[in-house]
Amino acid sequence: MWKFIHKFASPKYFYNISGKILPPLGWVTLALFIVGLVGALFLSPPDYQQGESVRILYIHVPAAMLSMSCYVAMAITAAIGLIWRIKLADIVAWAIAPIGMTMTIIALITGSVWGKPMWGTYWVWDARLTSELILLFLYLGFIALQTAIEDTRSAARASAILALVGLVNIPIIKYSVNWWNTLHQPATISKMGKPSIDASMLWPLLIMIAAYMCYFAWITLKRSRCELIYRERNSSWVKKMVKEAS
Amino acid sequence: MKEFFAMGGYGFYVWLSYAVALGGLLALYLMTRGCESRVKRQLEKRLRLEQRRKSRDTTS
């Protein structure tokens with residue numbers, strides 16, 4: 001088990017394995033997006049209360065979910081880098097940060113564009129929206145810290161501590177709709193196995209969630225590989241690879 | 001067709017959010033491509049410099 005983890009954490013092994021995973025993962029992502037978008041825009045019915053504006057939720061809900069799970073993934077990998085000093089973990093945390101930030105921005109903007117016709121306002125300072133905005137600032141802080149500190153080791157260490165402290169915000173976002181009486185409605189897919197939405201709306205939503213997740217994995221791997229070969233530029237395997245490629 | 005784009009009067013909101021979401025995802029992809037080509041350029045430049053230095057050392 002431990003041997004396996006160490007093997008996977010070796011930069012060269014990670015580079016080779018991720019190179020094999022990337023092409024099929026990319027095609028799966030594209031297929032899921034096409035099916036999901038057709039389902040969301042054409043096949044799913046308009047909502048009896050929200051009308052056609054319900055179609056915004058097919059791109060809003062996955063982004064909001066990913067904004068939180070990206071943060072957890074970023075904090076975990078940053079913590080692994082902090083505790084066990086695995087360079088690859090630092091790189092993955094670095095790669096995830098802008099992805100999570102983009103997901104947060106998408107969730108905030110699509111949410112407020114949906115809120116205008118449905119709630120009558122683009123923005124309210126309710127618990128869900130405010131804590132999601134704080135999440136955006138946490139991502140910004142993480143990225144700013146990494147770019148501000150020249151030395152990659154101490155940059156990773158400082159930003160890992162920030163990511164771990166900011167982890168408190170995640171349960172606040174998740175349970176804000178239950179803890180406080182907010183304008184934001186509770187979870188769309190609340191009960192596992194018995195969701196509160198109709199099957200004709202559920203399947204496009206689930207496919208869009210899967211598409212966002214695959215896209216997240218795909219971009220994370222691509223970005224990690226890119227940063228990895230740059231940081232390993234003095235190692236013999238990268239030099240050999242560059243020589244063979246040119 | 002026109003009816004589809006109108007989205008029951010919510011056209012502006014629906015298409016604006018789809019544009020924002022897909023634009024955001026596309027921006028991530030372009031950023032990654034930018035990183036890849038930048039690193040590739042830098043590594044090739046380092047290789048060229050190294051080879052030039054090596055050939056100079058052997059000739060002099």
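1. Start with C214(A), which counts as buried at 17% relative accessibility. The cut-off for buried is under 20% relative accessible area, so C214(A) falls on the buried side. Keep in mind as you read on that this is a predicted model. Why does C214(A) not form a bond with C70(A)? The closest cysteine sulfur to that of C214(A) is the one in C70(A), and at 13 Å it is too far for a bond.

2. C70(A) tells the matching story from the other end. Its closest cysteine sulfur sits in C214(A), 13 Å off, which is too far for a bond. C70(A) is buried too, with a relative accessible area of 0%.

3. Now for the cysteines that do pair up. How many disulfides are there over all chains? The count is 1, and the partners are C226(A) and C35(B), with 2.2 Å from S to S. C226(A) belongs to helix 8 (residues 199-231) of chain A and C35(B) to helix 2 (residues 11-59) of chain B, so this pair joins two chains. In general, a disulfide is a covalent bond between the sulfur atoms of two cysteines.

4. Two more details on that link. The torsion about the S-S bond of C226(A) and C35(B) is about -105°, so the disulfide is left-handed. As for cover, C226(A) and C35(B) are both buried.

5. Right beside C226(A) in the numbering is a residue worth a look, E227(A), also in helix 8 of chain A. Is E227(A) buried or exposed? It is buried, with a relative accessible area of 12%. The side chain of E227(A) meets that of R231(A) in a salt bridge, 2.8 Å from N to O. Both residues lie in helix 8 of chain A, 4 residues apart, or about one turn of the helix. R231(A) counts as partly exposed, at 28% relative accessibility. Further off in sequence, V92(A) is 135 residues from E227(A), yet their C-alpha atoms are 8.9 Å apart in space.

6. Salt bridges come to 7 over all chains. One of them pairs R153(A) with D90(A), the closest N and O atoms being 2.9 Å apart. R153(A) is in helix 6 (residues 152-166) of chain A and D90(A) in helix 4 of chain A, so the pair ties together parts that are 63 residues apart in sequence. D90(A) is buried at 8% relative accessible area, while R153(A) is partly exposed at 25%.

7. Chain B has a salt bridge between E44(B) and K40(B), with the closest N and O atoms 3.6 Å apart. These two sit 4 residues apart in helix 2 of chain B, about one turn of the helix. K40(B) counts as exposed at 51% relative accessibility, and E44(B) as partly exposed at 23%.

8. Which residues gather in a patch of positive charge on the surface? They are K45(B), R48(B), R52(B), R53(B) and R56(B). R56(B) is part of helix 2 of chain B and counts as exposed at 52% relative accessibility.

9. Last, a couple of backbone oddities to check. R85(A) has a phi near 55°, a positive value in a residue other than glycine. R85(A) sits in the loop between helix 3 (57-84) and helix 4 (87-119) of chain A, and counts as exposed at 55% relative accessibility. M7(B) also has a positive phi, near 50°. Its place is the loop between helix 1 (2-6) and helix 2 of chain B, where M7(B) is buried, with a relative accessible area of 2%.

How values were computed. Residues are numbered from 1 along each chain as its sequence is written. Chains are lettered from A and ligands numbered from 1 in the order in which they are written. This is a predicted model: local features need pLDDT of at least 70, side-chain atom pairs count only at pLDDT 80 or more; totals for chains, interfaces and linings use all residues. Side-chain values use heavy atoms; hydrogens and water are left out. A disulfide is a pair of cysteine sulfur atoms within 2.5 Å. Buried means under 20% relative accessible area, exposed over 50%, partly exposed in between (1.4 Å probe, protein chains only). Patches are made of residues with over 30% relative accessible area and no salt bridge: like charges are joined within 9 Å, nonpolar side chains (Val, Leu, Ile, Met, Phe, Trp, Tyr) within 5 Å. Accessible areas come from the Shrake-Rupley method with a 1.4 Å probe; for residues, only the protein chains shown count as cover. A salt bridge is a side-chain nitrogen of Lys or Arg within 4 Å of a carboxyl oxygen of Asp or Glu. Lys and Arg count as positive and Asp and Glu as negative; His and the chain ends are not counted. The place of a charge is taken as NZ of Lys, CZ of Arg, CG of Asp or CD of Glu.
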